[in-house]
Amino acid sequence: MTRVDLNADMGESFGPWKMGDDDSLLKIITSANIACGFHAGDPDVMAKTMALAAENGVGIGAHPGFPDLQGFGRRNMKVPHASLRNMVRYQLGAALGMARAVGAEVRHLKLHGALANMCSVDQDMARACYQGALDVDPDIIIMVLAVTKQEQAARELGCKWVGEIFADRAYNDDGTLVDRSLPGAVIHDPEVAGPRILEMVSAGAIITESGRHLETSIDTICLHGDGPTAVQIARSVRSCLEEGGVEVKVFER
């Protein structure tokens, strides 16, 4: 692979409470997944983050999650599919409206946290969420966790999609993420994250904890903006990729 997008989850501050260093990340990444107010963020944070992303030439994505501010959207919830569709419609609608207000545009959508993890093993659930997004914007690009049920749902719907892998998370042999409660599930060391991602991109595969290679299209690489070393990981990943001959650039529509 000679080209890849680098994305980060952000816009997750709330009122006077700050989460992550979005200003610094937006100078390194090429796409931003911006919280829509359910799991994190608020209208002021969303507006500011979108404006900064546009100013830095960073592609903007809506990042809907469960209505779980206290749990940061990382607690599983049992929600009927009809409600899931409406939850995604509601959050994407807010993102589209705010982007238009600040003179920007929303290019893609990526599910957050527990919602994303549940959809990575439940194709019907993923399809419900993605259909909700497509009902609002049929041209939205769906960012999926590569090789999971999310990808299968996007393929089934015939929509535009890009495959994503994580720079700061460990993988199980089925392509799902190692549970955050387990040791080594989250990678905090920039010196580990950068070379690890270059190895995966060069191989065209997710490399799991056991060393298994899951061949896949790697269109975009994610890191979590709330991590204590997020900026350092972003710099390491981008530097390693570019030194390895991989162009880091926002994915095409």
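Helix α4, spanning residues 113–119, contributes 5 residues to the lining of the largest pocket, the most of any element. Helices here are DSSP runs of H or I with at least four residues, strands are runs of E with at least two, and both are numbered from the N terminus. The model is a predicted one, in which local features need pLDDT of at least 70 and side-chain atom pairs count only at pLDDT 80 or more, while totals for chains, interfaces and linings use all residues. Residues are numbered from 1 along each chain as its sequence is written, and side-chain values use heavy atoms, with hydrogens and water left out.

The pocket that α4 helps to line has a volume of about 400 Å³. A pocket is an open set of points on a 1 Å grid over the protein atoms alone, with protein on both sides within 12 Å along at least five of seven lines; a cavity is a set of points where a 1.4 Å probe fits but cannot get out, and lining residues have an atom within 4 Å of a point. Grid points are joined across faces, edges and corners, and a volume is the space filled by probe spheres set on the points. Of the 23 residues lining the largest pocket, Gly113, Ala114, Asn117, Arg169 and Leu177 lie nearest its centre. The lining comprises 8 nonpolar, 9 polar and 6 charged residues, where Ala, Val, Leu, Ile, Met, Phe, Trp, Tyr, Cys and Pro count as nonpolar, Asp, Glu, Lys and Arg as charged, and the others, Gly among them, as polar.

The second largest pocket holds about 200 Å³ of space. It is lined by 14 residues, with Ser13, Lys18, Asp22, Val45 and Lys48 nearest its centre. Helices α1 (22–25) and α2 (43–55) each supply at least two residues of this lining, and α2 gives the most, with 4 residues. By class, the second largest pocket is lined by 5 nonpolar, 4 polar and 5 charged residues.

Turning to enclosed space, the count comes to 1 cavity of 30 Å³ or more. The largest cavity has a volume of about 40 Å³, and its lining consists of Lys110, Leu111, Ala116, Met143, Leu145, Gln150, Glu164 and Phe166. Strands β5 (141–145) and β6 (161–166) are the elements that give two or more residues to this lining. The cavity lining has 5 nonpolar, 1 polar and 2 charged residues.

Helix packing comes next. Two packed helices are described by the angle between their axes and the distance between the axes. Axes are lines fitted to C-alpha atoms, for helices over the stretch in contact, and angles run from 0 to 180 degrees between N-to-C directions. Helix α3 (residues 81–101) and α5 have axes that come within 8 Å and cross at roughly 40°. That angle makes α3 oblique to α5, as angles under 35 degrees count as roughly parallel, over 145 as roughly antiparallel, 65 to 115 as roughly perpendicular and the rest as oblique. The crossing of α3 and α5 is right-handed, a term for the near helix being turned clockwise from the far one by less than a right angle, with anticlockwise giving left-handed. Among the residues in contact (heavy atoms within 4.5 Å) are Leu84, Val88 and Leu92 of α3 and Ala128, Cys129 and Val136 of α5. This contact has 9 nonpolar, 3 polar and 4 charged residues.

Helix α5 (residues 123–136) also packs with α6 (residues 149–157), at an angle of about 50° and with the axes 8 Å apart. This makes α5 oblique to α6, and their crossing is right-handed. Residues of the contact include Ala126, Tyr130 and Leu134 of α5 and Ala153, Ala154 and Leu157 of α6. By class, 6 are nonpolar, 4 polar and 3 charged.

Further along the chain, the axes of α7 (residues 190–203) and α8 (residues 230–243) come within 8 Å and cross at roughly 40°. The two helices are therefore oblique to each other, and α7 passes α8 in a right-handed crossing. Among the residues that meet are Ile197, Leu198 and Val201 in α7 and Ile233, Val237 and Leu241 in α8. The contact of α7 with α8 has 10 nonpolar, 3 polar and no charged residues.
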